[in-house]
Each structure stands twice: as structure tokens, then as C-alpha cells.
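Me: I should like to go through the terms applied to this model and ask what justifies each of them. Please set each value against its criterion before concluding.

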Number of protein chains: 2
Amino acid sequence: MKIAVLTFPGFNELDSFIAYGLLNRLHPFGWHAFITTPQDRVVSMNGLEMQGQQPLEFANQADIVLFGSGVMTRDIANDEAVLGRLQLNPARQLIGGQCSGTLLMAKLGLLQDVPACTDLRTKPWVEQEGINVIDAPFAAQGNVATAGGCLSAPYLSAWAMLKGAGESATREALYYAAPVGEKDAYVDKLLDTVRPFC
Amino acid sequence: MKIAVLTFPGFNELDSFIAYGLLNRLHPFGWHAFITTPQDRVVSMNGLEMQGQQPLEFANQADIVLFGSGVMTRDIANDEAVLGRLQLNPARQLIGGQCSGTLLMAKLGLLQDVPACTDLRTKPWVEQEGINVIDAPFAAQGNVATAGGCLSAPYLSAWAMLKGAGESATREALYYAAPVGEKDAYVDKLLDTVRPFC
């Protein structure tokens, strides 16, 4: 599985790196997540400078595409030169996003008739696009999913893992990352939340 | 508050970046977390190349120092040229670590008589240092704390925030990052876990 974690200038570290770290736990099953950026280097919302691992166009061939969020997403949402590089298709790809990443998915027409999750700040902008925003950490329909709140990233990752690798591999990968002493309950909660959407 | 998130070659992205993202939510209260590295550039366990924001010695003057983990920590634990650059003091600093970061804290003599948390893989190495490892996501004594499991990072961050900024600011910062629709329960669980240690 090739996974594009879409990461734009001003990105929120939590969104991109939690998904990146969790999905790469499936390396033994042939999964490879890449920080995928519109330019060679990007700087995060807190000033962290990072080398992108794949160009934006990589997403078009990826099996899974996740939209992270950030403080410049409204600009990016109106930048056709950037968004025009993305040619995604939920018929052949799992596509997810969280927080302001949901806004980019809305702009790309990926959320028509799909109830969506996002953060409190982004909510009015997503609603302006005609999307029904719900008060939940996670929702999905078919191959399209959204999550709301930085720390909802494990839900989005668990959904992609469960859809793409099945329950046994997903449970094993999440179990490793879960807090010690709470592992079973932690993994159960993630899986119980996303399973109805799989 | 100046915060050093110690990040070594081969680092685990979850540990360093969850703490980094959460603690920087206290910017409005004058908190600034920095990815603090032994060399100018570091590459993560999954191949992510990143520019460090502060040199290792920054930790010696920081108010809060957090040890992330990674796949090369055993080598670093035996590298006196690297660890010798750290002169930390829990009498004047909050010091925390998670997973293999706990091993570095043990090597630096920061965990004497303090029950410690770490991940399942690192546990035997920490025990070899004479440390009592407990089956819990988080533990602290005075100004020294440890956590076990990548996704225990929010506990470690919540502890540092609660100790340094008080409950109101901590609750507000964590609330923003928590999953939508679960925010109160999520923040309560974090605070309930770390409060007995504060």
C-alpha cells in the first residue's frame, strides 16, 4: 500500500505525523506512508522545517490519501495551481482528511452527500461549501472519511488500516503504539469507533 | 517556558511530534517547544529528514525537557559524547521521557528510586539499569515523569502543562486538540491520569 499524507505549508504536526507514524507501523505488511508536499520543503505551523518525501502528484497514484490540516489551508483551498495537481478518485483510493483537511476535500468535490467531521474553527468554512458537518470525531461513507480534532488522527488511521489490512494486522499495529497498561481498551475504542464505517 | 523535545537520529515521530504539537498550543501563555537535536539535521525511523530547531545544549537551559524515543536509542545510551552534552537538573527543570527515552533518563541517573514507564521492547533494557518498570501509561515523582507507549505522549504533555501552566490553561489547550464530540471526556481522562502526580 502506498500512502500519501498530504502536508502543506503551515501544517499541523499532530495531524500529519500521527497518521504517518501509525500507518508506517504496517511496514511488515508492505505499507509505506510518505509525507507528500506541494514543494520540496515545507515549514509547519510551529516553524519546523522538513523535507517532503513525495511530490503532490504522488497522491494520484497512491492507494490511500490523507489530508492533514494547517494554518494556511484557506489559502490553499483557493489555490487552483496547487489543488489542480490532485486527481483523486474514491472508486480506487481510500481518501481521508481531518480538521482543515476536510475543507480541501470539500473543495475537491469529495464530500458530496457525505456527512463530514472537522475542527470547530474550520466548521463554518466547510458548511459554506454545502457540506453537512456533524459533531463527531469520525465519519466515513464508502472510501471517503473525515475526522475532527487533532487527536482524532488515530481514528482516521485505524479506519484506513482496517479497510486496507484487516482487523488482525490493524489490531497488532495499533496495540504496539497504544499506551502501556491500557492497550486493549485503547485499541478496542479505536476499532469500535471506525468498524461501523468499514 | 522554554521546552526541549529531545529528538535523536532514528526518532519515533509520534513521541517527538505529539509532545511538540501539544505543548506549543500554550504559545499564548509564553510556551515555546523546540525540536532539539544532537546535530543539525536528523532522519526519523521512517526516513523523514528534518531540520533541528535547537542544539542539544539548549536542553540544559530549558524549563522542560522531554526525551522522545527511537530505533537507535540503545546506541545513543552508550554514546558518552552525546549524553555528556546534557547537564540536566530536576531541581530546576521538569524532565520527562517516554518509551526508549526512559532508557536515556536511566543512563543519566534521573530515575533513581523513581518507578518508571516505558514500552514493552525497552522494558528489559531499563530494568538492566536497576529501574523498577511498572505496567502503566504514566508515572511521575516530583519533577521527573515517564510514559510508556507512543500514544501515551498526551499524558506526558498534560503532566508538563499541568505542572507548569495550571489546570485552566492546560484544559483549554488540550480541549482544542481533543477529538470533536469527545472533548470533555478526553481531557478529563488525561487530567485524571496525571493529576495525582502533580
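Reply: A suitable place to begin is A:Asp113, which lies in the loop between helix 4 (100-107) and helix 5 (123-128) of chain A. The model is a predicted one.

Me: What makes A:Asp113 exposed?

Reply: A residue is called exposed if 12 or fewer other C-beta atoms lie within 10 Å of its own. A:Asp113 has 8 other C-beta atoms within 10 Å, so it is exposed.

Me: What is noted about phi of A:Asp113?

Reply: Phi of A:Asp113 is near 65 degrees, a positive value in a residue that is not glycine. In chain B, B:Asp113 likewise has a positive phi of about 65 degrees although it is not a glycine. B:Asp113 is found in the loop between helix 5 (100-107) and helix 6 of chain B. With 8 other C-beta atoms within 10 Å, B:Asp113 is exposed.

Me: Is B:Gly130 buried or exposed, and how do you know?

Reply: Burial would require 20 or more other C-beta atoms within 10 Å, and exposure 12 or fewer. B:Gly130 has 10, so it is exposed. B:Gly130 is placed in the loop between helix 6 (123-128) and strand 8 (138-141) of chain B. From B:Asn78, B:Gly130 is 52 residues away in sequence and 16 Å away in space, C-alpha to C-alpha.

Me: Why is chain A called as compact as a globular protein of its length?

Reply: Chain A has seven helices and nine strands. The radius of gyration of chain A is 15 Å, and the globule rule gives 16 Å for 198 residues; the two values are close, so chain A is as compact as a globular protein of that length. The C-alpha trace of chain A spans about 45 × 35 × 35 Å along its principal axes. Of the 198 residues of chain A, 57% count as buried. Among contacts in chain A with a separation of 6 or more, 64% are between residues 24 or more positions apart.

Me: How do you know that chains A and B are related by a two-fold axis?

Reply: A turn of 180 degrees, with a shift of 0.0 Å along the axis, lays chain B on chain A with an RMSD of 0.0 Å. That is the relation of a two-fold axis. Of the residues of chain B, B:Met50 comes closest to the rotation axis, at 2.3 Å (C-alpha).

Me: Why is it said that the copies meet through the same surface?

Reply: Of the interface residues of chain B, 100% are also interface residues in chain A, so the copies meet through the same surface. In this interface, 35 residues of chain B are in contact with 35 residues of chain A. Helix 1 (13-23), strand 4 (49-51) and helix 7 (153-177) of chain B each supply at least two residues of the side that touches chain A. Helix 1 of chain B gives the largest share, six residues. By class, this side of chain B has 19 nonpolar, eleven polar and five charged residues.

Me: How do helix 1 and helix 7 of chain B pack, and which residues meet?

Reply: Helix 1 and helix 7 of chain B pack at an angle of about 35 degrees, with their axes 9 Å apart. Their crossing is left-handed. Among the residues that meet are B:Leu14, B:Ile18 and B:Leu22 in helix 1 of chain B, and B:Leu156, B:Ala160 and B:Met161 in helix 7 of chain B. The residues of this contact divide into eleven nonpolar, one polar and one charged.

Conventions: Residues numbered from 1 in each chain as written. Chains lettered and ligands numbered in written order. Predicted model: local features only at pLDDT ≥ 70, side-chain atom pairs only at ≥ 80, totals over all residues. Contact = placed C-beta atoms within 7 Å. Helix = DSSP H or I, 4+ residues; strand = E, 2+ residues; numbered from the N terminus. Nonpolar A, V, L, I, M, F, W, Y, C, P; charged D, E, K, R; others polar. Least-squares fit on C-alpha atoms with pLDDT ≥ 70 in both. Axes fitted to C-alpha atoms, helices over the stretch in contact; angles between N-to-C directions. Left-handed = near helix turned anticlockwise from the far one by under 90°. Rg over C-alpha atoms; globule rule 2.2 N^0.38 Å.
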